[in-house]
Amino acid sequence: MIDEKNIPASDAEWYCRKDPEEERFYAIFFALCRKYHVSWASADEKEKAFIEEVTRVTYERERALRLGQPLSDVRAAFAS
């Protein structure tokens with residue numbers, strides 16, 4: 001008889017685990033792609049750069065608000 005309590009976790013467990021922050025980032029990413037009518041597969045470099053930057057700023061601002069951090073800590077869009 002197999003004792004299931006002593007079976008080690010799968011090596012792929014890390015792969016299947018969901019990260020809530022990553023999920024939120026991609027939810028914002030896909031929402032912005034829809035909002036600006038950008039199909040990632042056919043987007044040119046300029047469109048991709050725009051979506052990546054708008055997603056970064058939106059995600060970081062939302063995260064700062066959730067964590068009670070000042071919005072001034074978020075790097076402005078397209079700033080070097």
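What pattern does the chain follow, read along the sequence? Here are some friendly notes on that and on what goes with it.

1. **The model and its conventions.** This is a predicted model, in which local features need pLDDT of at least 70, side-chain atom pairs count only at pLDDT 80 or more, and totals for chains, interfaces and linings use all residues. Residues are numbered from 1 along each chain as its sequence is written, and side-chain values use heavy atoms, with hydrogens and water left out.

2. **Overall layout.** Read along the sequence, the pattern is α-α-α. The secondary structure comes to three helices and zero strands; helices (H or I, at least four residues) and strands (E, at least two) are DSSP runs, numbered from the N terminus. Of the 80 residues of the chain, 19% count as buried. Here buried means under 20% relative accessible area, exposed means over 50%, and partly exposed is in between, with a 1.4 Å probe and protein chains only.

3. **Surface and contacts.** The chain has an accessible surface of about 6,800 Å², and 55% of that belongs to carbon and sulfur atoms. Areas come from the Shrake-Rupley method with a 1.4 Å probe, and for residues only the protein chains shown count as cover. Taking contacts (heavy atoms within 4.5 Å) between residues at least 6 apart in sequence, 39% join residues at least 24 apart.

4. **Helix α3, end to end.** Helix α3 covers residues 45-67, and its 23 residues should span 33 Å at 1.5 Å a residue; the end C-alpha atoms are 33 Å apart, which agrees. The expected span is 1.5 Å times one less than the number of residues. At the N-terminal end of α3, Asp44 acts as a cap, with a side-chain oxygen 3.1 Å from the backbone nitrogen of Lys46. After α3 comes Gly68, whose phi is positive, near 70°.

5. **The buried side of the account.** Which residues of α3 are buried? They are Ile51, Glu53, Val54, Thr55, Arg56, Val57, Tyr59 and Ala64. These buried residues pack against α2 (20-35). Charged residues are on the list too, so they deserve a point of their own: Glu53 has a relative accessible area of 12%, and Arg56 also comes to 12%.

6. **Glu53 and its network.** Glu53 sits in helix α3. Leaving aside neighbours within four places in sequence, Glu53 is in contact with Arg75, Ala76, Ala77, Phe78 and Ala79. Glu53, Arg56, Glu60 and Arg75 are linked in a network of salt bridges, a salt bridge being a side-chain nitrogen of Lys or Arg within 4 Å of a carboxyl oxygen of Asp or Glu. Within this network, the side chains of Arg56 and Glu60 meet at 3.0 Å, N to O. Both lie in helix α3, four residues apart, about one turn of the helix. An α-helix has 3.6 residues a turn, so residues three or four places apart point the same way. Glu60 is partly exposed at 29% relative accessibility, whereas Arg56 is buried.

7. **Bridges between α2 and α3.** How many salt bridges does a search of the whole structure find? The search finds six. One of them joins the side chains of Glu21 and Arg66 at 2.9 Å, N to O. Glu21 lies in helix α2 and Arg66 in helix α3, so the pair ties together parts that are 45 residues apart in sequence. Glu21 is partly exposed at 25% relative accessible area, and Arg66 is partly exposed at 46%. Glu62 and Arg24 also meet through their side chains in a salt bridge, at 2.8 Å, N to O. That pair links distant parts of the chain, with Glu62 in helix α3 and Arg24 in helix α2, 38 residues apart. Glu62 has a relative accessible area of 28% and Arg24 one of 34%, which counts as partly exposed.

8. **The loop between α2 and α3.** Tyr36 is found in this loop and is partly exposed, with a relative accessible area of 35%. Tyr36, Phe50 and Phe78 form a nonpolar patch on the surface, with about 300 Å² of accessible area together. Patches are made of residues with over 30% relative accessible area and no salt bridge, with like charges joined within 9 Å and nonpolar side chains (Val, Leu, Ile, Met, Phe, Trp, Tyr) within 5 Å. His37 lies in the loop between α2 and α3 as well. His37 has a positive phi of about 55° although it is not a glycine, and at 72% relative accessibility His37 counts as exposed.

Technical notes: Polar contact = N/O pair within 3.5 Å; in protein donor to acceptor, adjacent residues only side chain to side chain.
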